[in-house]
Amino acid sequence: MADTQQVDARAERKVAKLAREISAFSRAHGGAEGQVAYIGERGARIVLVGEDGGWGDLVAPSTEIAEKAVEKAGITVHESFDGEFAAKVTTGAYEWKRMAGIQLGG
């Protein structure tokens, strides 16, 4: 039983830390929306898009922890990263150059 409580306490600390980071992103970008995606054994990716078009992501050790973190942060969560949600992302010169480099083998 002690092992379960230790794991639960660790998970709750991770949820709280992720929620603080999500909230900080939201404050810095005039609000935020997100999407949680399972990425295999590594856990889940939380993609964040700010009202100003800025974006970022966080990785949580599990989908359950990611979902609890976005809920605790109080942001809108989308089922998928497409349509109107994806259109909110603003890409700059760095992203375009990086994407072109990938396409050209760089």
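Two strands pair if DSSP finds at least two bridges between them. The views below show a predicted model.

**View 1. Four strands make up an open sheet.** The order across the sheet is β3-β2-β1-β4. Its pairing is mixed. β3 and β4 (76–78) are the edge strands, and each pairs on one side only. Neighbouring strands are turned by 25° against each other on average, with direction ignored.

**View 2. β2 and β3 pair in the antiparallel sense.** Strand β2 covers residues 44–50. Six bridges join β2 to β3. Two of the facing pairs can be picked out by name. Ala44 stands opposite Ala60 of β3. Arg45 has Val59 of β3 as its bridge partner. Four residues lie between the two strands of this hairpin. Gly53 takes a positive phi there, near 95°.

**View 3. The side chains of β3 alternate between two faces.** In a regular strand, side chains switch between the two faces of the sheet. Strand β3 spans residues 55–60. Gly56, Leu58 and Ala60 point to one face and are buried. Trp55, Asp57 and Val59 point to the other face and are not buried. Two of these residues return from the view before: Ala60 stands opposite Ala44, and Val59 is the bridge partner of Arg45.

**View 4. Helix α2 lies across the strands β1, β2, β3 and β4.** The helix is made of residues 63–73. Strand β1 takes in residues 32–38. Helix α2 runs at about 170° to β1.

**View 5. The largest pocket holds about 160 Å³ of space.** Which residues line the largest pocket? They are Gln35, Arg45, Val47, Trp55, Phe81, Val89, Thr91, Glu95, Arg98 and Met99. Five of the lining residues are nonpolar, two are polar and three are charged. β2 and α4 (93–103) each supply at least two residues of the lining. Helix α4 gives the most, with three residues. Arg45, the bridge partner of Val59, is one of the lining residues. Trp55 also belongs to the lining, and in β3 Trp55 points to the face whose side chains are not buried.

**View 6. Ser26 sits in helix α1.** This helix runs over residues 2–28. Is Ser26 buried or exposed? Its relative accessible area is 17%, and buried means under 20%, so Ser26 is buried. Leaving aside residues up to four places away in sequence, Ser26 touches Gly31 and Ala32.

Definitions and conventions. Residues numbered from 1 in each chain as written. Predicted model: local features only at pLDDT ≥ 70, side-chain atom pairs only at ≥ 80, totals over all residues. Heavy atoms only, no water. Buried < 20%, exposed > 50% of the residue type's maximum accessible area, 1.4 Å probe, protein only. Axes fitted to C-alpha atoms, helices over the stretch in contact; angles between N-to-C directions. Contact = heavy atoms within 4.5 Å. 1 Å grid on protein atoms, 1.4 Å probe; cavity = no way out; pocket = protein on both sides within 12 Å on 5 of 7 lines; lining within 4 Å. Points joined across faces, edges and corners; volume = space filled by probe spheres on them. Nonpolar A, V, L, I, M, F, W, Y, C, P; charged D, E, K, R; others polar.
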